[in-house]
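Here is a set of short exercises to help you find your way around a new structure. Try each task on your own, then follow the solution step by step.

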Amino acid sequence: MAQQSDKPGVALKFCGCCNPYVDLGGIARHLRAVAEESGNFVIVPLSEAGIDAVVLLCGCPRACAQQRKEELNRPGLTTIVVAGDSVDGEAVPESSLATA
């Protein structure tokens with residue numbers, strides 16, 4: 001399904017959740033709700049050709065979803081990594097992960 005919006009497309013990529021420290025589903029639900037409520041961006045599949053950003057949702061600090069970098073090698077793609085209780089390497093309390 002092609003992106004049908006001029007709004008930035010944001011994809012969510014989950015790790016395997018083998019050792020989750022945090023509620024990744026809760027973070028994803030929050031991001032979907034913000035996208036719908038604000039209208040500032042749309043959630044799209046990772047396979048979408050025109051995505052602008054991807055949020056890697058990793059349940060622990062190992063950040064294994066980052067290992068398949070071929071999916072993330074797109075010009076102009078912004079990557080945000082949630083890994084356990086951190087966002088892009090900065091510690092964040094679990095209660096604030098979704099908003100960070």
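**Exercise 1. Find D88, then compare its backbone and its exposure with those of C17.**

Step 1. Start with the place: D88 sits in the loop between β5 (86–87) and β6 (90–91). Helices (H or I, at least four residues) and strands (E, at least two) are DSSP runs, numbered from the N terminus.

Step 2. Before going on, a word on the model. It is a predicted one, in which local features need pLDDT of at least 70 and side-chain atom pairs count only at pLDDT 80 or more, while totals for chains, interfaces and linings use all residues. Residues are numbered from 1 along each chain as its sequence is written, and side-chain values use heavy atoms, with hydrogens and water left out.

Step 3. Look at the backbone. D88 is not a glycine, yet its phi is positive, about 50 degrees. Most residues other than glycine have a negative phi.

Step 4. Check the exposure. With a relative accessible area of 46%, D88 is partly exposed; buried means under 20% relative accessible area, exposed over 50%, and partly exposed in between (1.4 Å probe, protein chains only).

Step 5. Now turn to C17, in the loop between β1 and α1. C17 is not a glycine either, and has a positive phi of about 55 degrees. Its relative accessibility is 36%, so C17 counts as partly exposed.

**Exercise 2. Work out whether the length of helix α1 agrees with its number of residues, and describe its two ends.**

Step 1. Take the rule: the expected span of a helix is 1.5 Å times one less than its number of residues.

Step 2. Apply the rule. Helix α1 (residues 24–38) has 15 residues, so it should span 21 Å, and its end C-alpha atoms are indeed 21 Å apart.

Step 3. Look at the N-terminal end. D23 caps α1 there, with a side-chain oxygen 3.3 Å from the backbone nitrogen of G25. (A polar contact is a pair of N or O atoms within 3.5 Å; within protein, one must be able to donate a hydrogen and the other to accept it, and residues adjacent in sequence count only if both atoms are side-chain atoms.)

Step 4. Look past the other end. G39 follows α1 and has a positive phi, near 70 degrees.

**Exercise 3. Which residues of α1 are buried, and which are exposed?**

Step 1. List the buried residues of α1: L24, I27, A28, L31 and A35. Seen down the axis of α1, they fall within an arc of 100 degrees, so they line one face of the helix. The arc is that of the directions from the helix axis to the C-beta atoms.

Step 2. Turn to the other side of α1, where R29, E36 and E37 are exposed. A33, also in helix α1, counts as partly exposed because its relative accessibility is 30%.

Step 3. Ask what the buried residues of α1 meet: they pack against β1 (9–14), β2 (42–43), β3 (53–58) and β4 (78–83).

Step 4. Follow one example. L31 counts as buried because its relative accessibility is 15%. Not counting residues up to four places away in sequence, L31 touches L12, F41, I43, V55 and A98, where contact means heavy atoms within 4.5 Å.

**Exercise 4. Explore the largest nonpolar core, beginning with the residues that touch the most other members.**

Step 1. Fix the term: a nonpolar core is a set of buried Ala, Val, Leu, Ile, Met, Phe, Trp, Tyr and Cys residues joined through side-chain atoms within 4.5 Å.

Step 2. Find those residues. The largest core has 31 residues, and I27 and L57 touch the most other members. At least two residues come from each of β1, α1, β3 and β4, and β3 gives the most, with six.

Step 3. Trace I27. Leaving out residues up to four places away in sequence, I27 touches L57, V82, L97 and A98.

Step 4. Move on to L97, in the segment after β6. Its relative accessible area is 2%, so L97 is buried. Beyond its neighbours within four places in sequence, the contacts of L97 include V22, I27, G84 and V92.
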